[in-house]
Amino acid sequence: MDVFACAGCGTELTAPVSRVALPVHVHHGGWEELHPPLMEPATYAVDPQPTGPPWRLWKEVGADAAARQGVFAPVYSVSFGARNRIVIAPGYSRSMTLIPDKCEGYCQGVDGRAGPNLACQGCGRAVATRMDDCGMWQTVWLEPDAVARRFSGLSAGPSPDWDDLERAEYRVPPVEPDGSWSRRWEAAVGVALAHLVAVTEDRPVSLPVGPVAELLGHAVGRYLPAGPGVRSVGLAGPGIHLPRPRPDVLLVPRHPLTAAPWRPPGDEGAVVPLDSGVWAYLAHPGETSPLPATGVLPEGVLRDDYPLPSRPWCPLTPHHRAFEDTLVRLPAVRAPRLRRYREAYRQAVSPASAG
């Protein structure tokens, strides 16, 4: 396990934490909702993309400079913040204090708009950003140039690997206890759909019968067309048999440590990476469907689980910002067919945003 210390004075700024893959829902939550911590206890992740301020308008930056920042299609603004910022749960931060004049927020918390808002208690150096406003997962982001990583002397046990995806506790249910769709699922499906649109170049797809079609069918139908030239989609990954013949596109998990997509040995075909917890649920859903069932129990059969569990009243809808933000970061979006797709999508979502 590692600890992160102030690069200026050496004060330890975190409890011991071990590295995991960056969650795909890291920047996407339900707007005007208070969220729990993003990271699991005693973990950290690194975001390789530029994040946070300063922001520059696309029209001032231009396509070439934006591409160097990992953005390949016009957006309102482009981040020129640091790469490789480290995210932890707020409860694992140590020896930091808020900088009062950098605690702006939209509603019920701080959103980091002014840059680092946490200072090292040892030397006063700005070292991190606390974010917990409405619509945001609670996080502390350590600035990569302001901290140094050290070995804590504690062992975290084996690193997370593909085998973890087969454990029941690793699966992320699609429905929250209150009967709403999981915010993590909404973001993960948005991210996966952007990859699916890119690899199919906006062509129709067919989903495998079962949980994939039940949970993702509505979203796929909204984001991709119907018609001829259908591309087949299958679920593949560790612990399940690869469909035969191989579908045109495989839905596969991201590695829980590296975030690299799983691939069958020697296979170079198209894959769409999924949040590993979401994939684990689709691969091993158990016996209970998250969707309302039709019909009634046979006469004389009594239930023993009253009251019935809550179920969503509408189909699963992807987080549109997760979809949009992922699509513009895929180089394939520069192809003419996908440029037309994105323009039509922006017009449909918000005509004003396409100007």
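**Buried rings, paired strands and one cavity**

Y44 is buried, with a relative accessible area of 4%. The model is a predicted one. F4 has a relative accessibility of 3%, so F4 counts as buried too, the cut-off being under 20%. A search of the whole structure finds seven aromatic pairs. One of them joins F4 and Y44. Their ring centres lie 5.0 Å apart, and the planes meet at 85 degrees. This geometry is edge-to-face. The pair links distant parts of the chain. F4 belongs to strand β1 (residues 2-6), while Y44 belongs to strand β3, 40 residues away.

A second edge-to-face pair is formed by F323 and Y341. Here the distance from centre to centre is 6.4 Å, with 65 degrees between the planes. This pair also links distant parts of the chain. F323 is in helix α6 (residues 320-327) and Y341 is in helix α7 (residues 336-349). The two residues are 18 apart in the chain. Both F323 and Y341 are buried. They also take part in a cluster. Ring pairs connect Y223, F323, Y341 and Y345 within it. A ring can meet a charged group as well: R56 lies over the face of F80. The distance from the ring centre is 4.8 Å.

Strand β3, which holds Y44, spans residues 43-47. Its pairing with β6 is antiparallel and runs over four bridges. Within this pairing, A45 has V87 of β6 as its bridge partner. Strand β6 also pairs with strand β10 (residues 139-142). Three bridges join these two strands, again in the antiparallel sense. I86 stands opposite L142 of β10.

In a regular strand, side chains alternate between the two faces of the sheet. Strand β6 covers residues 85-88, and both of its faces are covered. R85 and V87 are buried on one side. I86 and I88 are buried on the other.

Another set of strands forms an open sheet. Its four strands follow the order β12-β13-β14-β15, and the pairing is parallel. β12 (205-206) and β15 (270-274) stand at the edges. Each has a single partner strand, so one side of each is left without a neighbour in the sheet. The partner strands pair through backbone hydrogen bonds, as strands of a sheet do in general. Strand β14 (residues 249-253) is joined to β15 by five bridges, and the two run parallel. One of the bridge partners is A270 in β15, which is matched with V249.

The search for internal space covered the whole structure and found one cavity of 30 Å³ or more. The volume of this largest cavity is about 80 Å³. Its lining consists of V189, A192, L193, L196, L207, L216, V220, L251 and V272. Two elements, α3 (183-200) and α4 (211-223), give two or more residues to this lining. α3 gives the most, with four residues. By class, the lining has nine nonpolar residues. No polar and no charged residues take part.

Conventions:
Residues numbered from 1 in each chain as written. Predicted model: local features only at pLDDT ≥ 70, side-chain atom pairs only at ≥ 80, totals over all residues. Heavy atoms only, no water. 1 Å grid on protein atoms, 1.4 Å probe; cavity = no way out; pocket = protein on both sides within 12 Å on 5 of 7 lines; lining within 4 Å. Points joined across faces, edges and corners; volume = space filled by probe spheres on them. Nonpolar A, V, L, I, M, F, W, Y, C, P; charged D, E, K, R; others polar. Buried < 20%, exposed > 50% of the residue type's maximum accessible area, 1.4 Å probe, protein only. Pairing = 2+ DSSP bridges. Phe/Tyr/Trp six-rings, centres within 6.5 Å; stacked < 30°, edge-to-face > 60°. Lys NZ or Arg CZ within 6 Å of the ring centre and 35° of its normal.
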